[in-house]
Amino acid sequence: MKNKLIILFISFAFLGYSQNKDTKKAAPLKPKAEFVAELMAKMTLDEKIGQLNLPTSGDITTGQANSSDVAKKIEEGKVGGLFNIKSVQKIKEVQRVAVEKSRLQIPLLFGMDVIHGYETTFPIPLGLSCTWDMQLIQRSAQIAAQESSADGINWTFSPMVDVSRDPRWGRVSEGSGEDPYLGSQIAKAMVTGYQGNDLAKNNTILACVKHFALYGAPEAGRDYNTVDMSRIRMYNDYFPPYKAAVDAGVGSAMASFNEVEGIPATGNKWLMTDVLRNQWGFKGFVVTDFTGINEMVDHGMGDLQTVSALALNAGIDMDMVGEGFLTTLKKSYDEKKVTLEQIDKAVQLILEAKYDLGLFQDPYKYCDTNRAKTEIFTKANRDEARKIAAQSLVLLKNDKNILPLQKSGTIALIGPLADAKENMAGTWSVATKQENSISLLAGLKDAVGTKAKVLYAKGSNLDYDPAFEEKATMFGKTLHRDNRTNAELTAEALKIAGQSDVIIAALGESAEMSGECSSRTNLEIPQAQKDLLNELLKTGKPVVLVLFTGRPLVLIEESKTVSSILNVWFPGSEAGYAISDVLFGDEVPSGKLTSTFPRSVGQVPIYYAHKNTGRPLSNKDGNFEKFRSNYIDERNEPLYPFGFGLSYTNFDYSNLKISSDKMNFHQKITITVDVANIGNYDGKETVQLYIRDVVGSVTRPMRELKGFQKVLIKKGEKQTVTFEISIEDLKFYNSDLQFVAETGQFEVFVGGNSNAENKVSFNLVN
Ligand code: BGC
């Protein structure tokens with residue numbers, strides 16, 4: 001005991017910060033490299049390996065941090081960080097164990113899946129991407145950083161930037177859609193939002209780009225499944241958003257679960273070292289995904305010791321949950337399977353991150369309990385979330401201009417998602433207090449006040465099959481399954497429908513029908529709800545489909561039968577308010593799809609930036625042609641293309657001009673287009689620019705997004721929108737994986753979605 005105290009005293013002195021029970025600042029530290037080197041010189045091999053260990057918070061409850069199992073490990077110097085603990089009090093207690101009880105008092109990282117907001121929850125990332133507004137997206141990450149840092153968190157496992165073109169994969173909900181260019185802009189906005197310009201501030205947090213790499217392209221859309229793709233496709237289509245995050249200075253990266261070229265990403269040296277560090281210059285640390293090292297045993301890469309060494313040697317620095325590093329690295333070192341240099345490199349990167357966060361300066365810097373009381377789920381943050389959510393909704397159809405609705409008469413709100421506050425935040429919302437989310441029913445009532453009457457009926461369960469509903473409503477996201485018969489539920493719905501002027505059908509997926517391990521083979525609205533919708537349509541009353549979903553769905557039937565479809569994704573904690581704002585025209589819809597909606601699941605993977613093939617259809621109408629690339633039972637084109645989304649107003653594009661029909665490698669070319677608001681509402685339009693490289697040394701996509709601007713245009717007004725094309729926009733990875741532009745003809749399309757037809761062209765010359 002006495003010895004322990006002496007050690008404690010000495011180590012306090014040599015770490016260089018006076019023990020600080022509150023948040024008072026200590027004296028300035030030595031510069032990072034020197035500080036970290038001095039600290040590492042004092043560390044035993046065990047303590048070094050301990051820094052590479054990232055367990056979950058396990059059994060910690062408030063007031064018991066000292067006695068938890070994980071606390072013992074922290075005391076023994078066997079933990080570098082912890083994740084998914086919610087509450088500043090708990091975090092403060094646990095940090096105290098690290099800085100008062102472990103020999104070297106190295107503070108811990110506290111991570112969390114702060115994916116789309118903290119308690120103030122923003123739309124699921126796929127929805128957020130549909131705003132096409134980088135400032136709003138950045139702001140959402142900034143608010144998430146502010147709230148989570150006020151609650152003790154200093155590291156988020158976000159942004160998730162996996163490009164995906166397969167809506168069967170449930171995690172499309174967590175990404176930004178199918179496009180590498182848009183995905184890259186969003187990656188940058190998110191990293192900047194979380195990390196700000198100074199990571200050491202107490203309201204910025206370390207970001208973690210994930211899941212490196214290619215996690216969004218599993219075979220058959222089944223989560224964690226094999227990925228196999230050519231390098232040219234990786235570099236051109238799937239890598240850019242990860243690289244953009246690195247270029248934006250992201251402080252950490254997470255390895256993906258899948259294999260890449262036959263080697264799991266977690267053990268893939270080419271990926272983690274050659275690409276990430278050597279080619280892209282990544283300076284942060286790499287963490288595995290949850291038990292990613294252990295899972296390499298099932299991948300068939302060897303026993304735990306072997307795969308742990310494989311991971312470290314590949315370039316992994318921190319082991320999430322599985323404790324492969326903790327339990328085997330020393331043995332591997334003794335057996336010369338890993339080197340001290342490799343261990344030191346990982347330790348150094350983790351300590352540097354802690355230094356950058358200011359944790360050595362003040363381990364309690366994110367533990368200000370006053371901030372937790374005043375900065376989380378504030379009115380101001382919620383107001384911003386509501387505005388952002390309204391911009392993420394995508395109006396897919398509004399044929400008879402039923403929308404916007406009047407705040408008068410009687411409105412029937414029907415469907416299992418109508419009064420479902422637990423589902424509004426969507427998947428991956430660990431910090432959300434579900435009871436605080438605003439259901440559509442609550443939002444509608446608030447919006448109409450006494451001006452209109454809102455009648456509600458559930459109408460159907462999520463699906464006929466209760467076992468399916470159970471899988472689709474995990475983590476407390478219940479839809480309160482109703483035990484009445486289907487006939488009873490329908491009868492109640494039809495009764496209120498009969499008393500109403502308009503019907504809002506709140507249908508679609510539950511929150512957990514997308515997200516991790518929620519792959520689907522059927523992309524339609526569940527049958528019970530489709531049947532309900534058909535019954536409602538039979539009444540002949542105007543029906544608005546408010547569609548909740550975490551992925552593109554197959555809406556071929558609804559697109560024919562329903563005249564208004566508003567796709568709302570999962571809009572976050574302010575859902576009901578934001579949806580009502582749009583339904584009543586207080587906000588004019590401006591969201592545009594960032595992933596293609598297929599006509600049939602058989603078209604998947606489907607995306608706008610496809611190649612032409614040697615046998616494209618020769619007719620413009622898309623009719624079947626034998627021996628051309630098409631289907632005998634479905635058309636090629638999607639139901640709703642990338643970039644598509646309607647407004648309550650209409651925009652007219654004209655006067656597309658190009659500054660020159662020639663450009664050399666040092667010049668820029670300017671494109672202008674006039675966009676007129678010819679409808680009856682002020683509205684925002686995302687003007688999109690696509691480029692086609694007509695002839696290349698490798699085949700090139702039919703078109704690729706290379707610019708966009710979201711502009712507010714008042715009704716009756718016209719704006720000239722200007723884009724500049726530089727040589728960077730014309731570059732791609734060729735078959736030698738060199739990033740080059742090639743001379744020749746380029747076509748430029750500008751318009752309101754990826755089918756834009758207005759076209760100009762130019763030649764790139766030497
Ligand atoms: C997910 C990650 C997440 C991690 C930690 C994993 O299952 O794939 O995205 O960050 O868990 O919660």
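With which residue does arginine 233 form a salt bridge, and how far apart are the closest N and O atoms?

## Salt bridges

Arginine 233 pairs with aspartate 237 in a salt bridge (a side-chain nitrogen of Lys or Arg within 4 Å of a carboxyl oxygen of Asp or Glu), and their closest N and O atoms are 3.5 Å apart. The structure holds 48 salt bridges. Another of these joins arginine 168 to aspartate 166, with 2.7 Å between the closest N and O atoms, and both arginine 168 and aspartate 166 are buried (under 20% relative accessible area, with a 1.4 Å probe and protein chains only).

## Basis of the model

This is a predicted model, in which local features need pLDDT of at least 70 and side-chain atom pairs count only at pLDDT 80 or more, while totals for chains, interfaces and linings use all residues. Residues are numbered from 1 along each chain as its sequence is written, and side-chain values use heavy atoms, with hydrogens and water left out.

## Nonpolar cores

The largest nonpolar core (buried Ala, Val, Leu, Ile, Met, Phe, Trp, Tyr and Cys residues joined through side-chain atoms within 4.5 Å) has 131 residues, and those with the most contacts inside it are Trp155, Phe212, Phe239 and Phe285. A second, separate core of 78 residues includes Ile402, Ala420, Ile565 and Trp569.

Leaving aside residues up to four places away in sequence, phenylalanine 212 is in contact (heavy atoms within 4.5 Å) with residues including Phe239, Tyr242, Met254, Leu271 and Trp280.

## Ligand surroundings

Of the 14 residues around the ligand (those with a heavy atom within 4 Å of it), Asp113, Arg171, Lys210, His211 and Asp289 come nearest. By class, this shell has 7 nonpolar, 2 polar and 5 charged residues, where Ala, Val, Leu, Ile, Met, Phe, Trp, Tyr, Cys and Pro count as nonpolar, Asp, Glu, Lys and Arg as charged, and the others, Gly among them, as polar.

A polar side-chain atom of arginine 171 lies 2.7 Å from a ligand oxygen atom, while the corresponding distances to an oxygen atom of the ligand are 2.8 Å for lysine 210 and 2.9 Å for glutamate 516.

Conventions
Buried < 20%, exposed > 50% of the residue type's maximum accessible area, 1.4 Å probe, protein only. Polar contact = N/O pair within 3.5 Å; in protein donor to acceptor, adjacent residues only side chain to side chain.
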